[in-house]
Structures are given as structure tokens and as C-alpha cells.
Amino acid sequence: MATPKWLKSYTELSSNEVKKPSATYPDPPAFNKEIILNTKTKHGKEVLGPTPEERDTLKVKKAWEIALAPSKSLPMNAIMSYFSGSSLQIFSLTMTFMLFSNPLKAIANVGPTFARYESESTYSRILQTKLVFIALQLATVAVGVWKMGSMGVLPTKRSDWLAWESETLVLEKGVFVS
């Protein structure tokens with residue numbers, strides 16, 4: 001019994017059957033092959049891909065996206081800290097630990113995070129993004145400090161330091177006489 005035509009595998013097809021000639025289908029109106037192929041003509045020369053200035057601009061834009069990413073999670077961290085309560089529980093302690101550990105790890109890895117976007121022409125603009133990134137990470141640490149203060153873990157009251165206070169000397173004593 002012969003194999004039906006529809007059962008042929010793609011490996012058995014000849015290259016003529018697979019590739020249709022593109023001349024049979026005309027290009028649609030307003031179709032521009034240069035845009036599709038990412039080719040441009042500049043001063044009579046054909047240039048492939050973006051220019052170095054365009055590439056640097058794209059690098060800086062991507063660096064700003066990474067630098068502003070902590071600002072998107074900052075309100076969520078603040079709300080979660082508020083709603084987790086001020087008692088010492090495993091959830092609130094774990095969350096507070098994460099509010100300190102993740103930003104500090106991110107600050108320690110600022111160089112590798114932005115390394116692929118740095119070049120000689122973008123160094124000053126990338127430095128600004130690094131500073132914004134560090135400031136936003138420190139804002140997350142500030143939320144963690146606020147959370148620790150609301151839980152009563154930070155020594156902010158005078159009674160927290162009683163062990164280091166000396167006893168006050170009484171110079172006079174009053175006696176009630178009736």
C-alpha cells in the first residue's frame with residue numbers, strides 16, 4: 001500500500017516543495033524591507049543595526065529601568081510591613097530580615113548589575129543610575145528600620161538603657177512628720 005501524500009515527513013520534502021518563491025506574493029502596500037531587515041542608509045552607505053549613539057541611549061534606558069525597579073516594590077514592602085503587625089512573630093521577623101538582607105545584597109552587587117551597560121561614553125550617566133539604585137535600596141532598609149522600631153526591637157526609649165545608668169545620689173531627704 002502506498003503512503004499518502006499527507007503522511008510525508010518534512011525531511012522527505014524537496015527544497016522546491018518547502019520554499020515557495022517570494023515573487024508569487026507581492027509586498028503589501030507601505031511595506032518597507034529596510035525596516036524589516038534593520039538596514040539604514042546614512043550618507044550613501046548602508047549601515048546594519050543601530051548606531052553607537054543609539055546603542056548607548058538604549059543601554060542607559062535599560063540601566064534606568066533596573067535602577068528604578070526597587071521603587072516599584074517599595075510601596076508593597078511598606079504595606080506588607082504595616083499589615084504584618086508589630087508583635088514578634090516568625091512572619092514579621094522573616095519579613096524584617098528580608099527588608100535588610102535583600103537591599104544590602106543588591107548594594108553589594110551594584111557593579112556586576114550595571115556592568116553590561118557601562119562603557120566609556122555612558123559612564124557618567126550610568127553612575128547616576130547607580131546612585132539612584134543605591135538610594136532606593138536604602139529606602140527599603142529605612143522601611144526595615146521603621147518596622148523594627150514598631151516591633152520594639154530598637155532601643156529607642158530610656159528604659160532600654162537602664163543597665164548603663166548609674167543610680168542618682170540623693171542630697172536631701174524629706175521626712176513626713178505628723
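These legends describe close-up views of a predicted model.

**Figure 1. Overall layout of the predicted protein.**
The protein holds six helices and two strands. Read from the N terminus, the order of elements is α-α-β-β-α-α-α-α. Of the 178 residues, 20% are buried. The accessible surface totals about 14500 Å². Carbon and sulfur atoms own 63% of that surface. Among contacts with a separation of 6 or more, 68% join residues 24 or more positions apart.

**Figure 2. Phe 114 and Phe 133 form an edge-to-face aromatic pair.**
The structure contains three aromatic pairs. In the pair shown here, the ring centres of Phe 114 and Phe 133 are 5.5 Å apart, and the planes meet at 80°. The pair counts as edge-to-face because the angle between the planes is over 60 degrees. Phe 114 sits in helix α5 (residues 110-114), while Phe 133 sits in helix α6 (residues 123-151). The two are 19 residues apart, so the pair links distant parts of the chain. Both Phe 114 and Phe 133 are buried.

**Figure 3. Trp 161 and Trp 164 form a tilted aromatic pair.**
The centre-to-centre distance between Trp 161 and Trp 164 is 5.6 Å. Their planes are 50° apart. Trp 161 has 42% relative accessibility and is therefore partly exposed. Trp 164 reaches 66%, so this residue counts as exposed.

**Figure 4. A salt bridge joins Lys 62 and Glu 65 in helix α3.**
A search of the whole structure turns up three salt bridges. Side chains of opposite charge can pair when their charged atoms come close. Between Glu 65 and Lys 62, the closest N and O atoms are 3.6 Å apart. Both residues belong to helix α3 (residues 52-83). Because they are three residues apart in that helix, about one helical turn separates them. Are these partners buried, partly exposed or exposed? Glu 65 is partly exposed, at 48% relative accessibility. Lys 62 is also partly exposed, with a relative accessible area of 36%.

**Figure 5. Lys 130 and Glu 118 meet in a salt bridge.**
The N to O distance between the two side chains is 2.4 Å. Lys 130 lies in helix α6, and Glu 118 lies in the loop between α5 and α6. Twelve residues apart, they link distant parts of the chain. Lys 130 has a relative accessibility of 15%, so this lysine counts as buried. Its partner Glu 118 is partly exposed, at 28%.

**Figure 6. Arg 158 and Glu 165 form a salt bridge.**
Their side chains come to 3.0 Å, N to O. Arg 158 is exposed, its relative accessible area being 62%. Glu 165 has 35% relative accessibility and so counts as partly exposed.

**Figure 7. Ser 81 is a buried residue of helix α3.**
Which residues touch Ser 81, leaving aside its neighbours within four places in sequence? The contacts are Met 95, Leu 99, Val 143, Trp 146 and Lys 147. The relative accessibility of Ser 81 is 1%. Buried means under 20%, so Ser 81 qualifies.

**Figure 8. Ala 30 has a positive phi.**
Most residues other than glycine have a negative phi. The phi of Ala 30 is near 65°. Where does Ala 30 lie? Ala 30 belongs to the loop between α1 (15-18) and α2 (33-36). Ala 30 is exposed, with a relative accessible area of 86%.

**Figure 9. Four residues form a nonpolar patch on the surface.**
The members are Met 76, Met 80, Ile 90 and Phe 91. Together they offer about 440 Å² of accessible area. The elements that give two or more residues to the patch are α3 and α4 (90-108). Met 76 is found in helix α3. Met 76 has a relative accessible area of 46%, so this methionine counts as partly exposed.

Conventions:
Residues numbered from 1 in each chain as written. Predicted model: local features only at pLDDT ≥ 70, side-chain atom pairs only at ≥ 80, totals over all residues. Heavy atoms only, no water. Helix = DSSP H or I, 4+ residues; strand = E, 2+ residues; numbered from the N terminus. Buried < 20%, exposed > 50% of the residue type's maximum accessible area, 1.4 Å probe, protein only. Contact = heavy atoms within 4.5 Å. Areas by Shrake-Rupley, 256 points an atom, 1.4 Å probe, with all protein chains shown as cover. Phe/Tyr/Trp six-rings, centres within 6.5 Å; stacked < 30°, edge-to-face > 60°. Patch = residues over 30% accessible without salt bridge, like charges linked within 9 Å, V, L, I, M, F, W, Y side chains within 5 Å.
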